[in-house]
Structures are given as structure tokens and as C-alpha cells.
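Q: I have a new model open and don't really know how to read it. Could you walk me through it, feature by feature?

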Amino acid sequence: METNDTFVLGGHEFSSRFILGSGKYNVDLIKAAVEQAGAEIITMALRRVEAGQKDNILDYIPKGITLLPNTSSARTAEEAIRIAHLSRELGCGDFIKIEVMRDTKYLLPDNAETIKATEQLAKEGFIVLPYMYPDLYAARSLRDAGAAAIMPLASPIGTNKGLSTRDFIQILIDEIDLPVIIDAGIGRPSQACEAMEMGASAIMANTALATSGNIPLMAKAFRQAIEAGRAAYLSGLGRVRETASASDPLTGFLGD
Amino acid sequence: MEEKRIDHMKYLPDMEIIDSTMLEDVLQYHDAFRNEDFTAKNVKSALAKTHLEPQDFMALLSTAALPFLEEMAQKAHTITRRHFGNSINLFTPIYFANYCENYCIYCGFNSHNKIHRAKLSDAELRQECTNIAKTGLEEVLMLTGESRHMSDVAYIGNAIKIAREYFRIVGVEIYPVNVDEYKYLHECGADYVTVFQETYNSDKYETLHLAGHKRIFPYRFYSQERAILGGMRGVGFAALLGLDDYQKDAVATGMHAWLMQKKYPHAEISLSCPRLRPIINNDKINPKDVHEKQLVQIICAYRLFMPYASIVVSSRESPYFRNNIIKIAATKISAGVCTGIGGHIIEDEQKGDEQFEISDTRSFDEIYAAVKSEHLQPVTSEYIYL
């Protein structure tokens with residue numbers, strides 16, 4: 001069963017459900033994510049990419065890895081669209097993660113602008129992955145706009161606080177027929193595991209690994225947690241009951 | 001010689017007035033700060049919080065916080081890494097003109113100081129840019145002395161356009177201008193604006209800035225707001241610590257930045273932490289009371305109050321200090337610095353004298369290596385001009 005459990009995103013197939021986020025820019029982190037966490041997709045902020053830059057992030061990404069450029073630093077749909085165009089010109093492929101933020105303090109995504117950018121870029125043939133605040137109406141609009149997946153935040157970016165938006169993410173998983181990739185805020189392997197048990201398609205993380213004491217070991221832990229959570233979801237979790245289950249039921253006297 | 005001094009609180013006719021009460025708001029905090037009001041209890045309470053209020057920020061700047069410096073540094077370190085990862089941004093200033101119409105008694109560029117004045121021609125600026133770009137730098141801060149007459153907005157705009165041919169990010173530190181002029185400079189390719197208020201004590205300010213447009217305190221204060229209204233991505237703030245009561249000035253600088261972010265949530269906020277340094281023809285001025293310990297305290301207080309703000313530590317500080325402060329809270333440092341005019345064109349030769357002496361003369365490569373040796377990631381460019 002698990003060998004056939006491929007993760008399809010924008011028509012591309014992946015076997016790993018761990019995606020490395022772009023927040024903390026660190027060469028060791030990329031290595032650990034690929035080798036220990038099994039990442040096949042690595043996000044990168046286009047604003048950090050430039051030919052000629054010393055320690056260019058692109059030089060450290062192994063062949064065979066899918067690049068997921070993001071539009072961080074965009075404050076409007078228009079700016080996100082311009083960054084996406086630049087990404088295409090630089091040969092970074094058709095994947096684009098939309099990030100539109102108009103608040104430097106909390107870095108929360110602006111759903112309205114994100115929807116506008118998604119609509120335009122999907123029309124232009126991009127595989128659009130929008131980072132969003134988990135709101136059902138926005139998720140439906142993103143789906144209708146042509147998003148290839150939705151990427152709701154678990155908690156504010158970089159906080160490692162885990163699934164603060166758990167109930168709302170569950171609604172998106174239940175209602176939106178697109179891959180739901182949990183982005184931002186996942187701080188521990190157990191939280192990644194829980195999100196996968198809920199039915200998330202993949203987990204994006206960065207800070208949780210970058211700020212751990214042993215990056216390769218934490219990367220490995222994430223891989224195991226994501227695989228465990230996925231297997232549990234596919235198996236169908238056992239029921240959770242509020243009361244003990246009586247072995248001698250009260251209605252047993254009714255017979256068959 | 002007694003000069004007739006103009007009212008420093010009154011705008012000159014060509015100065016744009018914007019509808020804002022931020023000056024009053026910031027000065028209220030500046031004036032309300034009383035060092036002796038804060039105790040260890042206030043400091044501990046501030047250190048226990050995730051989101052600091054202005055009162056907590058003030059407590060961390062008070063003398064009562066000095067015994068907690070290590071704790072502040074530890075917390076600042078954690079917050080900095082969480083927000084910025086291991087990244088340390090590198091940039092260099094380009095001083096392209098040093099004509100000045102102001103008379104600021106502490107400054108090497110002031111109009112009464114007999115120094116070599118110059119401004120770079122297009123060809124010279126291109127040479128300067130070529131030599132800097134060769135090192136690997138991708139971000140520059142374009143600086144002038146404050147002379148609208150000798151370095152007008154068109155001259156500065158042209159210099160920005162040239163610099164943009166060589167660098168991905170161009171910031172400016174020039175005399176304050178009106179909203180439409182900031183808009184024009186943004187269109188030329190500049191993305192952020194730094195203006196030092198020097199001191200937020202308007203009475204003291206009046207005694208230090210004797211002549212020139214800079215004398216007008218409120219016009220300078222509202223520069224960052226005009227820059228954001230003109231479309232700039234980010235703005236930088238600073239007081240020149242040591243000119244007046246450094247604690248009050250740090251309170252006001254922080255509140256100015258904090259209130260700007262609150263009013264313009266999309267604006268990128270940056271804080272610089274200059275102390276007074278020796279200057280040409282006036283080596284009697286020394287930092288009054290801002291020793292390295294106090295400077296670290298201020299930087300940590302800025303970080304704990306504004307986890308999202310970029311904190312810049314210039315080459316006024318020593319290599320030793322800069323190597324250590326990037327491990328705590330600074331996220332941006334200059335590299336390969338020369339504060340003279342055209343200092344990168346021919347080694348050991350420059351057209352115009354420098355504004356101040358620097359303490360960290362390391363080249364870009366040396367600083368790059370030093371940052372890496374601390375297991376931090378030097379970053380030369382992090383923005384796309386939009």
C-alpha cells in the first residue's frame with residue numbers, strides 16, 4: 001500500500017511528503033533536509049537568488065530536487081505576479097508558492113491579495129501553491145482560481161507553536177479537494193505526525209529543523225513522524241470514545 | 001561670531017507638512033522616561049513577556065536592567081535566530097558627495113569645517129560602483145552631505161540609477177525631502193531611506209544644529225513617514241547616542257520605529273545604533289556615557305521590543321564588538337567601508353574627506369569570512385526591488 005502512496009502535486013509525483021521551507025537560509029539545513037528528511041521539494045525565496053552571489057543557495061541544491069520558488073517580500077498581488085515572472089525568466093520552473101504579506105510584524109498572509117495573484121498566475125500556466133490563513137471561503141476561492149494545492153499556516157511563521165489552527169485546517173482537509181500542505185508553525189515531529197493523521201498531504205517545515213540542536217537527527221525524526229502519520233491516516237484511525245465501551249451492553253437483552 | 005538662528009520647530013516654506021501626530025506621541029514617551037522609576041521587578045517582568053509594551057521597553061533601557069544584561073542577551077539571541085535564522089546581511093556605504101549646508105557642531109561634514117569637498121561625476125561613481133561590485137557586495141547605502149544646492153534631488157536620483165546598474169539593493173541616507181521627491185527617488189531605484197534624528201530632545205537639538213535645513217526638527221522627524229508615503233519599502237531610524245541622554249534617545253528611537261510599524265504595518269523597519277566617534281578637526285568630543293555595555297543593552301532592548309526589526313551596527317564599532325554583537329542581535333553590518341568621497345576608486349586616494357574615522361576597516365572578504373566562522377550565513381542580498 002505505502003509503496004503506491006505517491007504525492008501528486010501539479011501533475012508531478014513525489015514519494016516524500018516533507019517539503020523544506022525557506023525561512024532559515026542555511027547550507028547544512030538543505031543537506032540534512034535532503035539526506036535525512038528525504039525532501040524532494042525545497043522552497044526558496046526568489047529574493048535570495050541571484051547568479052553571482054557568494055554562497056548562492058542554488059549551488060547547494062542537489063540535482064533531482066524540485067525547486068519551489070516563493071514570492072516572499074511581495075506586499076500585493078501585483079508584486080507577487082512580478083516575482084513569479086522573474087522566477088520563470090531565471091529558469092526556476094513553473095512551480096510558484098505565493099506569499100503576500102503586508103505586515104512585517106506577524107508576517108500573516110493576505111488571503112485577498114493571494115487569491116488575486118493565484119488567479120492570474122494559474123491562467124499563465126504556473127503551478128500555484130498559495131500560502132494562506134486557513135479560512136474556508138478563501139480556500140474555496142483559491143481552488144476556483146486554479147491553485148494546485150493550498151498551504152494553510154498551522155501557527156504564526158517561525159514560532160514552532162504547532163497546530164494552533166487545528167480545527168480550521170481539518171475543515172479545509174474535509175472540504176477542499178486539493179492537496180493541503182501544512183505550512184508554517186510546525187515545531188515538532190509529533191505535530192507533523194498529527195497533521196498527517198488528520199489527512200494533510202504534506203508538511204512544510206524549516207525553523208523546527210534549523211533551530212534544533214542536531215539538524216540531521218531532527219530531519220530524520222520529521223521523516224519518520226510524517227511517514228507514521230501518513231500510514232495512520234491511510235489505515236483509518238481507531239475511534240475515540242468519550243466513555244468506556246461496555247463488554248456487557250445494556251441493549252444486549254434485545255438479541256439479534 | 002553670533003549667527004541669527006531660525007526657529008528650529010518652524011517649517012521652512014518649501015518643506016511639506018504631513019497630517020500626523022507621531023512627533024507628539026514619540027516626544028511624550030521621550031519626556032516621560034525617568035530612569036529612576038524602574039526597578040529590578042519591572043525588568044524581570046519585561047523579560048518574562050513574549051510581547052513587550054512600551055513600559056517594558058523602557059524598563060529594559062533603564063539602569064535597573066544592567067545587572068540583567070546576560071539574560072537580555074540570551075533572550076535577544078533566541079529571538080533574533082527565530083526571526084532571522086543565521087542570516088547576517090552585508091552592505092557597504094557609498095559616500096558620493098560631502099557638500100553640506102548645515103552647521104552641526106559634532107559632524108565632520110559640517111559647513112564650517114574646512115575639509116576637502118567633492119562630489120563624484122557619473123564616470124567616477126561608475127568606477128566606484130565597479131570596484132565595490134567586484135568584491136561581491138550587492139547592497140549599497142548611498143550617502144551625501146546635506147546640500148540641496150550642490151547635490152540636488154536630480155543629482156541623487158541619477159546616482160541611484162547608476163548604482164542600480166551594479167547592485168540589487170540601493171538605500172539612501174541623504175537630507176530629508178518631500179513625499180514626491182521620495183517617490184521620485186524610489187522610481188530611480190532606491191528602496192529604503194535612513195534618517196538619523198540625532199537626538200529627540202528638541203531643546204538639545206537646537207543647540208547642536210545651528211544652521212541649515214537640518215535645523216528644522218519636525219521636518220527631519222517626519223522623513224521616514226514621508227518616505228513610506230512616497231512608496232519606499234523600508235525606513236531606518238537612529239539617534240546618535242551620546243549627544244544627549246542616551247536612555248531617553250533610545251526610548252524615543254524605539255518608539256518612533258514601533259509607532260511607524262503600527263501605523264504602516266507593511267513598512268520594513270531598521271534601527272541603527274551609532275555612538276559618537278572622533279571626527280576630523282574636532283577630537284575633543286568623546287562618547288559621553290555610552291560604553292559598550294550600554295550599547296549592548298540598547299541593542300538587546302531594541303531586539304526584545306521589536307523582534308522583526310533589522311538592527312544595523314556600523315564600522316564605527318570595532319571588529320571585536322561587531323563579531324560579538326552579530327551573535328546576539330545585530331542582523332546587518334557594513335563591510336569594506338570607506339567614509340571618504342570616492343574612496344574605492346584608487347586605493348589610499350579619495351576626492352573628499354571622510355565624515356568620521358571608522359574602527360572596523362576590514363574588507364568585504366575578511367568580514368564575510370568572520371561571519372562564516374561564527375557559523376552564521378553572510379547574505380549579500382535579500383530583496384527584490386519592486
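A: Sure, we'll start with confidence and overall shape, then go down to single strands and residues.

Q: What confidence do the two chains get, as mean pLDDT?
A: This is a predicted model, so each part comes with a confidence score. Where pLDDT is low, the predicted coordinates should not be read in detail. Here chain A averages 86, with 91% of its residues scoring at least 70. Chain B has a mean of 89, and 93% of its residues reach 70 or more. For the complex, the predictor gives an ipTM of 0.75 and a pTM of 0.86.

Q: Where in chain A is the confidence lowest, and where is it highest?
A: Helix α1 (residues 27-35) of chain A is the low point, with a mean of 78. At the other end, α3(A) has the highest value, 97.

Q: How many helices and strands are there in each chain?
A: Counting these elements gives you a first map to hang everything else on. Chain A has eight helices and ten strands. Chain B has 14 helices and eleven strands.

Q: What does the radius of gyration say about chain B?
A: You set the value beside what a globule of that length would give. For chain B the radius of gyration is 20 Å, close to the 21 Å from the globule rule for 386 residues, so chain B is as compact as a globular protein of that length. Its C-alpha trace spans about 60 × 50 × 40 Å along the principal axes.

Q: And what about chain A?
A: A compact globule of 256 residues would have a radius of gyration near 18 Å, and the 20 Å of chain A agrees with that. The C-alpha trace of chain A spans about 80 × 40 × 35 Å along its principal axes.

Q: How many of the residues are buried in each chain, as a percentage?
A: Burial is judged by counting neighbours: 20 or more other C-beta atoms within 10 Å make a residue buried. By that count, 48% of the 256 residues in chain A are buried, and in chain B buried residues make up 58% of the 386.

Q: What share of the contacts joins residues far along the sequence?
A: Look at contacts between residues at least 6 apart in sequence, and ask which of them join residues at least 24 apart. In chain A that share is 61%. In chain B it is 77%.

Q: Now a single strand: is β7 of chain A enclosed or open?
A: Check its residues one by one. Six of the six residues of β7(A), residues 127-132, are buried, so the strand is largely enclosed by the rest of the structure. A:I127, A:L129 and A:Y131 point one way, while A:V128, A:P130 and A:M132 point the other way.

Q: Which strands does β7(A) pair with?
A: Follow the bridges on either strand. β6 (residues 95-98) of chain A runs parallel to β7(A), and four bridges join them. For example, A:I96 has A:V128 as its bridge partner in β7(A). From β6(A) the chain crosses through helix α3 (residues 111-123) to β7(A), and this β-α-β crossover is right-handed. β7(A) also runs parallel to β8 (residues 151-152) of chain A, joined by two bridges. Here A:Y131 has A:M151 as its bridge partner. With helix α4 (residues 136-145) of chain A, β7(A) and β8(A) make a right-handed β-α-β unit.

Q: Back in helix α1 of chain A, is A:V34 buried or exposed?
A: Count the neighbours again. A:V34 sits in helix α1 of chain A, and it is buried because 21 other C-beta atoms lie within 10 Å. Leaving aside residues up to four places away in sequence, A:V34 touches A:A39, A:P62 and A:I65. A:V34 and A:I65 are 31 residues apart in sequence, yet their C-alpha atoms are 8.5 Å apart in space.

Q: And how exposed is A:D28?
A: A:D28 is in helix α1 of chain A too, but with 15 other C-beta atoms within 10 Å it counts as partly exposed.

Q: Last one: how many residues of chain A are in contact with chain B?
A: List the residues that touch across the two chains, then see where they come from. Here 24 residues of chain A are in contact with 25 residues of chain B. On the chain A side, α2 (77-89) and α7 (207-210) each supply at least two residues. α2(A) gives the most, with four. By type, this side of chain A divides into five nonpolar, eight polar and eleven charged residues.

Definitions and conventions. Residues are numbered from 1 along each chain as its sequence is written. Chains are lettered from A and ligands numbered from 1 in the order in which they are written. This is a predicted model: local features need pLDDT of at least 70, side-chain atom pairs count only at pLDDT 80 or more; totals for chains, interfaces and linings use all residues. Two residues are in contact if their C-beta atoms, placed from the backbone, lie within 7 Å. Ala, Val, Leu, Ile, Met, Phe, Trp, Tyr, Cys and Pro count as nonpolar, Asp, Glu, Lys and Arg as charged, and the others, Gly among them, as polar. A residue is buried if 20 or more other C-beta atoms lie within 10 Å of its own, exposed if 12 or fewer, and partly exposed in between; C-beta atoms are placed from the backbone. Two strands pair if DSSP finds at least two bridges between them. A crossover is right-handed if, with the strands pointing away from the viewer, the path from the first strand over the helix to the second runs clockwise. pLDDT is the predictor's confidence in each residue, from 0 to 100. The radius of gyration is taken over C-alpha atoms; the globule rule is 2.2 Å times the number of residues to the power 0.38.
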